[in-house]
Every structure is written in C-alpha cells, then in structure tokens.
Amino acid sequence: MSRRNNNVRGPASALTEFLRESGITPTTIARRAQTRQANEAQPAAGPSTQPQEEQQDVEMEDAQEARPAGDGYQSDNLDEPEEAPPTTTRKRKLTKAAEAKLKAKEKEKAKKKAKKGDDDDYEDEDEDPYSALSKMWKDDLPKPPVGSFETCVRCQKQFTVTKYTMAANPPPGYLCHPCAKSSGSDPFKKPAAPRKRKPAAERRNVASYEERRLPSLAAICIEVISSHIDDVEALGDIGTMNMDEIAKALAKNRSLTADNAMLFYNAENERLTLYDVTNLTPPALCTLASLNPNLRDLRLDFCGRMDDTVVSAWAASLPQLKRVELLGPFLVRAPAWQTFFQAHPGLEGFLITQSPRFDVECMRMLVQNCPNLRELRLKEVGKLSDAFLEELKPLGAQLTYLDLSYPGTADALSEAALIDLLAHVGASLEHLDLSGNANVTDAVLFRGVKPHVHALTSLALANTPELTDAGVAEFFETWDGGARLSTLDLSRNHTLADAALGALLQTSGAELLELNINGWKAVSEDALKGIPQHAPALRRLDVGFCREVDNFLVKEVLERCPDVREMKVWGCQRVDEHCPRKRGVSVLGIEMVPIY
C-alpha cells in the first residue's frame with residue numbers, strides 16, 4: 001500500500017512541539033487536517049472491485065496533482081515544488097488504451113522492485129512526511145514578505161523584514177541586522193563577482209616575455225634600417241662608436257639578422273664585434289667572412305649555429321685574422337679547429353667559451369702553429385685537464401692573458417699542474433683567471449703566483465673554496481706584485497673575511513678600479529668601511545651578500561669615490577629604499593620593499 005495512505009504518526013505531543021518550533025501556524029495545521037479527512041472519505045476497496053480500485057487510485061492521483069496551491073500545504077507532499085496554476089479536473093473513465101498503458105507501467109515497476117529491492121521502492125513513491133519535514137530547515141519555507149514584522153530568534157526583539165534579512169543558522173527563524181552582523185555575516189555585502197576562467201588554450205600559452213604595445217625608439221630605428229638596408233650608405237659615415245651602440249641595441253632585442261647585418265660589413269673593416277648572432281645561420285656567417293676579408297679582430301657572441309663549414313670558410317677568407325673571440329661555438333669539431341690553426345700561423349689571440357669538442361690535440365696544434373700566441377681563453381671547456389697545461393709550457397714568457405676558469409669538472413686541474421704552469425708562463429702574465437677550480441689553494445698563491453707572477457693587473461679567483469682568510473691575507477701582505485692590480489675578483493669565497501679584505505686594500509687599494517667581494521658573508525662593518533678609505537679610484541664595486549652593508553656604507557662610497565659608476569648590493573637587506581643616490585651612478589640590488 002502506498003505511503004500516502006499511511007496514517008501512522010508519532011506521538012501527538014512531540015509532533016505538536018516540532019511543528020511549533022518549525023514555524024507552522026494553526027491555519028496550516030487545520031488545512032492539513034482537512035486534507036487528511038478528504039483522503040479518509042474515499043470508499044474502501046473490496047476484493048470484487050479490483051478494476052474500480054485502480055481507476056479510483058488514478059483519479060485520486062490526478063486530483064492531488066491538480067489541487068490548487070491556495071489550499072495550503074499538503075500533508076504528504078511538503079517537499080513538492082510549487083505547481084503551475086491549478087486547473088479543474090474532471091472525473092473521467094479510462095479507455096482500453098489507457099488501461100493497457102497503466103498495466104504496462106505496473107509491470108515496469110514490478111521489474112524495478114525485483115532488481116533494486118524494497119528500499120528503492122521509496123524512491124518511486126512520494127516522500128515520507130517526516131523526512132520531508134526535515135528538509136524544511138532549508139529554503140523550502142517561503143521568506144516572510146518585505147515589510148512584515150518578525151521576532152529575532154537571538155535577541156527576541158521585533159524587527160521589520162527587508163530584502164537583506166538573513167535566516168538564522170541553525171534554523172528556524174530569522175535574525176535582525178545587528179545580530180546578523182555580530183554572527184560574522186554582513187547582510188549588506190554584495191556577492192562577489194564570479195571569477196572568469198581562462199579558456200584551456202589560453203592557459204597553455206605561457207608568455208615568456210612581456211610584449212610591448214608600443215615599440216621603443218630603438219626598435220623603430222632598427223626596423224627602419226632593416227627595411228632600407230640597401231640605401232643605408234646615404235647616412236654617410238656613422239662612426240665606430242655609433243656602430244657599436246647600434247650593435248648593442250640589436251643584441252638587446254635579438255634582432256640581428258642576415259639582412260640588417262650588412263650594415264656592419266665593409267671590405268675595409270679590421271675589427272668587427274657582434275654581441276648576439278643567434279639568428280645568423282652558417283651561410284650567413286660564411287658571408288661575413290667574404291664581405292670582411294681584411295678583418296684582424298673578430299668577436300661573435302652566442303654563435304651557437306657556427307659549425308665546421310663556417311670555420312673552413314674563415315680559414316680561406318680571413319688570412320689576416322690575428323684575434324678571434326667566440327662565445328658558444330658548440331658545433332665546431334676538433335678537425336675544423338686544427339685546420340683553422342694551420343691557416344692562421346700569425347694568430348695572437350684565441351679566446352673561446354663553451355666549446356665541448358676542443359681537445360688536447362687542438363691545444364697541441366694551436367701551440368705548434370701559432371708561436372706568437374699572447375692571449376688564451378679556454379673557459380668552460382669540458383675536456384680541460386692537466387694535459388692541456390703541459391702543452392702550454394712552450395709558450396714561455398710571451399703569454400699575457402690566460403683564462404682557465406670553470407673547467408668541465410671543478411677538480412680537472414690539479415694543484416701541482418697549476419703551480420708548474422705558472423712557473424713557466426707566469427713572468428709576463430697581466431691577466432690571470434683561475435675561477436671555479438677547486439684545487440686552487442693557498443699553496444698555489446704562495447708557490448705559483450707569489451714567486452713567478454709579478455706583472456698582474458687583473459686577477460680573478462672566484463669560487464675557489466680552498467682559499468683561507470689567513471692565507472689570502474698573508475699572500476697580499478708579502479706579494480710584491482699586488483701594487484699593480486686594477487681589477488680583483490674574489491667573489492663567492494665564503495671563508496674570506498676581515499683579514500683578507502684589510503690586506504688587499506693596504507696592498508692594492510690605491511690602484512683598484514674594480515673590486516668584487518660578492519658573498520663575503522662574514523666580513524664586518526669596520527672592514528667594509530675601509531673600502532672607500534683605501535680605494536678612492538674605484539669605478540665598479542660588488543659587495544652583494546655581504547651582511548653588514550648598509551645605507552651608510554653606500555653613502556661613504558658615493559662621497560669618497562668620485563669616479564664610481566656602478567655599485568651592486570644584491571642580497572644586502574640593510575640597504576633599503578632610503579639608500580642615498582648619485583647622478584650617473586647605478587646602485588643595483590636595493591630592496592625596495594621592506595621585509596618585516
């Protein structure tokens with residue numbers, strides 16, 4: 001039998017109390033009683049009146065579905081949504097087709113009961129009155145009309161209902177505005193606008209750079225020059241300094257192409273510097289050699305597309321080349337380097353960075369075929385080892401520039417091999433860079449640099465963790481070649497502190513133009529104050545990640561070093577936005593936002 005006709009109810013007193021707390025008025029209860037009486041007035045069905053019973057059930061369902069909403073709540077349909085405007089139903093007799101359809105529906109219901117069980121039968125029937133009453137805590141009860149009076153369930157004061165009136169949590173009832181605010185909810189707060197989600201395609205596109213809406217003046221000039229590259233001679237003599245500035249502007253935007261590179265080509269050129277040739281293909285680099293046959297000094301940065309064909313073309317088209325400086329010739333193989341060295345016996349400067357295929361045989365061919373070599377840079381060469389240093393010894397006392405920094409492995413060059421090399425080539429060295437070598441110790445300073453190297457003007461020993469503060473201090477105090485140093489880089493040596501800084505300032509401070517002590521975290525404030533006192537000629541200073549650097553030190557440097565042009569204070573948290581400034585001086589790394 002259907003649950004709608006089940007008249008079993010709970011205890012009267014509990015039900016009455018529950019309905020009273022739920023806000024059901026006596027009028028609503030009276031309407032429910034009338035509905036119950038109407039259901040009980042239906043005639044009981046006997047066993048001999050089965051078709052009439054089915055017909056009466058159908059008619060009763062139609063009547064209940066079409067009952068007007070003005071009759072109030074239905075006791076068995078408390079959770080039913082409000083129906084459309086009621087229509088008057090007429091009692092009609094079922095046709096044969098309707099009876100067949102009804103029997104088919106009953107068969108389907110029987111099959112569902114067999115599959116799902118008795119619990120699923122409740123889903124097909126109407127809601128149980130008591131489970132329906134539990135849902136009255138939600139928004140099923142209509143909100144009181146605006147302008148009516150209600151009693152606040154918290155303060156028990158009467159208030160006027162507005163559109164901002166909020167329901168109590170937990171229900172039932174409503175809250176006045178002061179009580180709603182005290183509960184942590186703002187009744188007058190506007191709902192937040194829904195956040196628009198980006199399309200999937202837009203989320204996948206990660207911008208790697210900020211696109212300018214308006215092009216810069218340099219970009220406009222570059223575009224004009226590229227568009228009229230054939231008529232650029234009409235500008236006349238641009239000048240070497242202006243040409244270098246144009247090359248830097250092109251490199252900044254990575255805009256140098258095979259078309260606008262013609263601006264820098266000239267058969268009379270003896271020196272050519274291009275700061276970013278990423279977009280130049282091997283044929284374009286071969287064209288460079290063909291259109292600049294008299295080059296003596298060539299520098300190309302980011303030449304990753306350069307390969308063996310380019311080196312072979314240079315070997316044939318640049319016979320007067322004396323100095324070559326390359327950054328990133330990854331693709332050039334050992335046989336191509338050897339052919340290049342054989343074609344340029346007068347080479348005086350060979351400076352390369354990041355060339356993983358350059359091996360010992362290339363080093364041997366370089367020394368044998370280029371006896372006048374004065375400058376050598378093998379920076380970040382993966383195959384660098386002690387065998388390279390053995391091949392360098394024949395250069396004797398003619399080498400003035402030597403850079404063996406950051407080999408493939410930090411311990412690729414041993415301490416003994418470095419000391420032995422400095423004993424052979426150190427007499428004429430003016431620039432020495434051994435950064436990134438883990439075997440550079442105090443012994444290298446005392447047994448290699450101190451007795452054999454006396455003409456240095458530039459020394460770089462960055463990231464050499466085996467150096468000690470006491471050892472470096474003693475080295476500068478006893479080294480007679482320190483007075484000529486103009487550039488000194490001892491950055492990323494965390495063990496160096498006051499003693500080393502004081503000794504190098506006393507020995508080399510008067511001539512220093514560039515000083516880098518980045519990462520000396522233990523150096524004290526008193527030792528740092530000696531920089532502007534003993535090195536007044538400084539032009540560039542890097543004191544990044546020195547913890548004691550503050551605004552007062554920056555002020556001292558700006559006042560006592562009139563020629564300073566750049567000062568780096570990265571990682572110095574005591575330097576804030578109130579740091580003093582000076583026109584023409586770049587102070588880089590200031591913490592603009594204070595951290596509390």
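**View 1. Salt bridge between R323 and D297.** In this predicted model, R323 and D297 form a salt bridge in which the closest N and O atoms are 3.6 Å apart. R323 belongs to strand β7 (residues 323-327) and D297 to strand β6 (residues 297-300), so the bridge ties together parts that are 26 residues apart in sequence. D297 counts as buried, with a relative accessibility of 17%. The structure holds 19 salt bridges.

**View 2. Network of salt bridges including R323 and D297.** Salt bridges link R271, D297, R323, E325, E375, R377 and D403 in a network. One of these residues, R377, lies in strand β9 (residues 375-379). R377 has a relative accessible area of 15% and is therefore buried, the cut-off being under 20%. The side chain of R377 also makes a polar contact of 2.9 Å with the side chain of Y401. With neighbours within four places in sequence left aside, R377 is in contact with E325, F350, L351, I352, T353, Y401 and D403. Of these contacts, E325 and D403 are also members of the salt-bridge network.

**View 3. F350 in the largest nonpolar core.** The largest nonpolar core has 120 residues, and F350 and F358 touch the most other members. Helix α16 (residues 415-425) gives the most to this core, with six residues. Residues up to four places away in sequence not being counted, F350 touches V324, W337, F341, F358, L366, L373, E375, L376 and R377. The contacts of F350 thus include F358, which is named with F350 for touching the most other core members. They also include E375 and R377, both of which take part in the salt-bridge network of View 2.

**View 4. Buried face of helix α11.** Helix α11 spans residues 282-291, and P282, A284, L285, C286, L288 and A289 are buried in it. The buried residues of α11 pack against β5 (271-274), β6 and α12 (308-317). Strand β6 is also where D297 lies, the residue that forms the salt bridge with R323 in View 1.

**View 5. Surroundings of S458.** S458 is found in strand β12 (residues 458-460). Its relative accessibility is 12%, and S458 counts as buried. The side chains of S458 and H431 are joined by a polar contact of 2.9 Å. Not counting residues up to four places away in sequence, S458 touches E430, H431, L432, L485 and T487. Between S458 and G482 the C-alpha to C-alpha distance is 9.8 Å, with 24 residues separating the two in sequence.

**View 6. Salt bridge between R540 and E514.** The side chains of R540 and E514 meet in a salt bridge, with an N to O distance of 3.7 Å. R540 is in strand β15 (residues 540-542) and E514 in strand β14 (residues 514-516); the pair links distant parts of the chain, 26 residues apart. R540 counts as partly exposed at 40% relative accessibility. E514 counts as partly exposed at 30%.

**View 7. Salt bridge within helix α21.** E556 and R560 form a salt bridge, the closest N and O atoms being 3.3 Å apart. Both residues lie in helix α21 (residues 551-560), four residues apart, about one turn of the helix. E556 has a relative accessibility of 30% and counts as partly exposed. R560, at 42%, counts as partly exposed as well.

**View 8. Cysteines C155 and C572.** The structure holds zero disulfides. C155 is in no disulfide; its nearest cysteine sulfur, that of C152, is 3.6 Å away. The cut-off for a disulfide is 2.5 Å between the sulfur atoms, so this pair does not count as one. C155 is partly exposed, with a relative accessible area of 28%. C572 is likewise in no disulfide, and the nearest cysteine sulfur, that of C546, is 6.1 Å away. C572 is buried, with a relative accessible area of 1%.

Key
Residues numbered from 1 in each chain as written. Predicted model: local features only at pLDDT ≥ 70, side-chain atom pairs only at ≥ 80, totals over all residues. Heavy atoms only, no water. Buried < 20%, exposed > 50% of the residue type's maximum accessible area, 1.4 Å probe, protein only. Helix = DSSP H or I, 4+ residues; strand = E, 2+ residues; numbered from the N terminus. Contact = heavy atoms within 4.5 Å. Polar contact = N/O pair within 3.5 Å; in protein donor to acceptor, adjacent residues only side chain to side chain. Salt bridge = Lys/Arg side-chain N within 4 Å of Asp/Glu carboxyl O. Core = buried A, V, L, I, M, F, W, Y, C linked by side-chain atoms within 4.5 Å.
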